[in-house]
Amino acid sequence: AQQAPVIAKKVTRVSMPMQAESLGTTMANESINITSKLSERISRIRFEEGQLVQANQVLVELDTDEARANLAVASADSSESRSNFQRAEELDRTKSISQSELKQLQSAMEADQARVQAATARLADLTIRAPFDGRVGLRRISAGSMVSPGTIITTLDDLDTIKLDFSLPEVLMAKLKPGLDINAASIAYPNRVFAGKV
């Protein structure tokens with residue numbers, strides 16, 4: 001009887017990577033609508049559509065005339081009430097003023113200081129800045145137009161990191177863990193593979 005040839009091969013252990021394909025949706029790492037906190041007229045637009053901007057960069061300036069006038073009045077009132085309180089403190093040393101009058105002058109001084117802080121905050125809110133580095137979108141307003149809270153001025157997207165939202169079969173869910181490699185492709189960038197992590 002003729003014997004069949006035997007081929008021997010050493011057994012080796014190899015890892016078989018888990019692979020699954022899925023369609024996904026890309027999202028910016030951070031994405032917001034830029035809006036105003038106040039109702040006011042736009043005096044200057046300081047960005048171009050599609051421009052890369054840095055955190056704290058001025059995007060839009062609103063009309064500040066009224067806010068500056070209010071801050072000037074509040075500062076003058078605060079300065080006067082501070083002087084009145086300091087004079088009253090000197091009179092208190094000689095017992096020439098009652099404690100209730102001194103406390104009233106102190107309260108007036110503190111209230112005027114609070115008005116200065118409020119006027120300063122309002123003035124700051126009239127300058128709209130980028131909260132983080134990113135790319136601005138379409139400009140939805142024009143210089144001279146009125147904006148109010150909730151009016152979308154533009155969008156801002158942080159595209160340095162892209163998030164990918166995708167679904168996988170339930171049987172694979174137990175095997176997923178942070179740090180697993182992901183390879184993504186897009187029809188917008190043929191022949192390019194984007195590496196990522198879960």
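Start by selecting helix H2, residues 99-125, and look at what covers its buried residues: the cover includes helix H1 and strand S5 (127-129). Helices here are DSSP runs of H or I with at least four residues, strands are runs of E with at least two, and both are numbered from the N terminus. Buried means under 20% relative accessible area, exposed means over 50%, and partly exposed is in between (1.4 Å probe, protein chains only).

Before you click on, know that this is a predicted model, in which local features need pLDDT of at least 70, side-chain atom pairs count only at pLDDT 80 or more, and totals for chains, interfaces and linings use all residues. Residues are numbered from 1 along each chain as its sequence is written, and side-chain values use heavy atoms, with hydrogens and water left out.

**Stop 1: helix H2**

Which residues of H2 are buried? Select Leu102, Met109, Asp112, Val116, Ala119 and Leu123, and you have them. Now put a distance line from the first C-alpha of H2 to its last: its 27 residues reach 39 Å, close to the 39 Å expected at 1.5 Å a residue. The expected span is 1.5 Å times one less than the number of residues.

Zoom in on Ala119, which sits in H2. Ala119 is buried, because its relative accessible area is 11%. Leaving aside neighbours within four places in sequence, Ala119 is in contact with Asn70, Leu71 and Ala74. Contact here means heavy atoms within 4.5 Å. Then draw a line from Ala119 to Arg135: they are 16 residues apart along the chain, and their C-alpha atoms are separated by 31 Å.

**Stop 2: helix H1**

Next, select residues 65-93, which make up helix H1. How far apart are its end C-alpha atoms? They are 43 Å apart, which agrees with the 42 Å that 29 residues should span at 1.5 Å a residue.

Now colour Ala67, Leu71, Ala74, Ser78, Ser81, Phe85, Ala88 and Asp92, the buried residues of H1. Look at how they are spaced along the helix. An α-helix has 3.6 residues a turn, so residues three or four places apart point the same way. Helix H2 is part of what covers the buried residues of H1.

Slide off the end of the helix: just after H1, Lys95 takes a positive phi of about 60°.

**Stop 3: zoom out**

Show the whole chain and trace it from start to finish. It has two helices and ten strands, and along the sequence the pattern reads β-β-β-β-α-α-β-β-β-β-β-β. The radius of gyration, taken over C-alpha atoms, is 33 Å, well over the 16 Å from the globule rule for 198 residues, so the chain is more spread out than a compact globule. That rule is 2.2 Å times the number of residues to the power 0.38.

Along the principal axes, the C-alpha atoms fill a box of roughly 130 × 45 × 25 Å. Of the 198 residues, 24% count as buried. Among contacts with a separation of 6 or more, 70% come from residues 24 or more positions apart.

**Stop 4: Leu138 and Ile152**

Go to Leu138, in the loop between strand S6 (134-136) and strand S7 (146-147). Is Leu138 buried or exposed? It counts as exposed, because its relative accessibility is 60%. Not counting residues up to four places away in sequence, Leu138 touches Glu49, Ile153, Thr154 and Thr155. Try Gly50 too: Leu138 and Gly50 are 88 residues apart in sequence, yet 7.0 Å apart in space, C-alpha to C-alpha.

Then pick Ile152, in strand S8. Ile152 is partly exposed, with a relative accessible area of 25%. Beyond its neighbours within four places in sequence, Ile152 is in contact with Asn33, Ile34, Thr35, Arg140 and Ile141. The C-alpha atoms of Ile152 and Arg140 lie 6.8 Å apart, with their positions twelve residues apart in sequence.

**Stop 5: last few clicks**

Select Leu180, in the loop between strand S8 (152-166) and strand S9 (181-186). Leu180 is partly exposed, at 24% relative accessibility. Now stretch a line to Thr94: the two are 86 residues apart along the chain, and their C-alpha atoms are separated by 78 Å.

Finish with two asparagines. Asn56, in the loop between strand S3 (52-53) and strand S4 (58-62), has a phi near 75°, a positive value in a residue other than glycine. Asn191, found in strand S10 (residues 189-197), also isn't a glycine and has a positive phi of about 65°. Asn191 is exposed, with a relative accessible area of 86%.
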